[in-house]
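Let's take a look at a protein together and see what its atoms can tell us. Have the sequence and the 3D view ready.

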Amino acid sequence: DGKTVYAVGSDKTLKEITDSQILREVECSDSLLTTVSLSHSGRMLLCGTQTGAVRAFKFPLTNPGDWQEHLGHSGAITKMKISHNDDHLLTVSDDCSVIIWKLQDKEG
């Protein structure tokens, strides 16, 4: 809708913010989330972690959070971007590597 923002920070939570208000906080106490990306279709929400994993969150978000974790890097993910057609995810890590992930929307 253009008014919702998703944010991660040092408090190990994923926040859903709408109209400058925190609508939902999902705790991820086992790992620090470093980056977040929402697909162009608005159907997939992905986060990078300090341990080098990508978390695919069940979307819309639930509390407690529900996700699948996919390990690929050996260092923190510092940047991530979903392709314009939602087919691929590009991640960059402190381990000096780039991974191109193939995405599949389970609902589509």
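## Inside or outside?

What percentage of the 108 residues in the protein do buried residues make up? They account for 33% of them. Keep in mind as you read on that this is a predicted model.

What about the surface? The accessible area of the protein adds up to about 6500 Å². Carbon and sulfur atoms hold 49% of that.

## Strands from start to finish

Now for the building blocks. The protein has 10 strands and 0 helices. Walk along from the N terminus and the elements read β-β-β-β-β-β-β-β-β-β.

## Size and packing

Picture a box of roughly 35 × 30 × 20 Å, lined up with the principal axes: the C-alpha atoms of the protein fill it. For 108 residues, a compact globule would have a radius of gyration near 13 Å, and the protein has 13 Å, so the two agree.

Contacts give another view of the fold. Take those between residues at least 6 apart in sequence: 35% of them join residues at least 24 apart.

## Where the charges sit

The protein carries 11 positive and 15 negative charges. Work out the mean position of each group, and those two points turn out to be 2 Å apart.

## Rings that pair up

How many aromatic pairs does the count come to? It comes to 2. Let's start with Y6 and F59: their ring centres are 5.8 Å apart and their planes sit at 65 degrees. Planes over 60 degrees apart count as edge-to-face, so that is the label for this pair. Y6 belongs to strand 1 (residues 4-8), while F59 is in the loop between strand 6 (53-57) and strand 7 (67-71), so the pair ties together parts that are 53 residues apart in sequence. With a relative accessible area of 15%, Y6 is buried, because the cut-off for that is under 20%. F59 has 24%, which makes it partly exposed.

The other pair is F57 with W67, and this one is tilted. Centre to centre, the rings are 5.3 Å apart, with 50 degrees between the planes. This pair also links distant parts of the chain: F57 is in strand 6 and W67 in strand 7, 10 residues apart. Are these two residues buried or partly exposed? F57 counts as buried, at 5% relative accessibility, whereas W67 is partly exposed, at 26%.

Terms used
Residues numbered from 1 in each chain as written. Predicted model: local features only at pLDDT ≥ 70, side-chain atom pairs only at ≥ 80, totals over all residues. Heavy atoms only, no water. Helix = DSSP H or I, 4+ residues; strand = E, 2+ residues; numbered from the N terminus. Rg over C-alpha atoms; globule rule 2.2 N^0.38 Å. Buried < 20%, exposed > 50% of the residue type's maximum accessible area, 1.4 Å probe, protein only. Contact = heavy atoms within 4.5 Å. Areas by Shrake-Rupley, 256 points an atom, 1.4 Å probe, with all protein chains shown as cover. Lys, Arg positive; Asp, Glu negative; His and termini not counted. Charge placed at Lys NZ, Arg CZ, Asp CG, Glu CD. Phe/Tyr/Trp six-rings, centres within 6.5 Å; stacked < 30°, edge-to-face > 60°.
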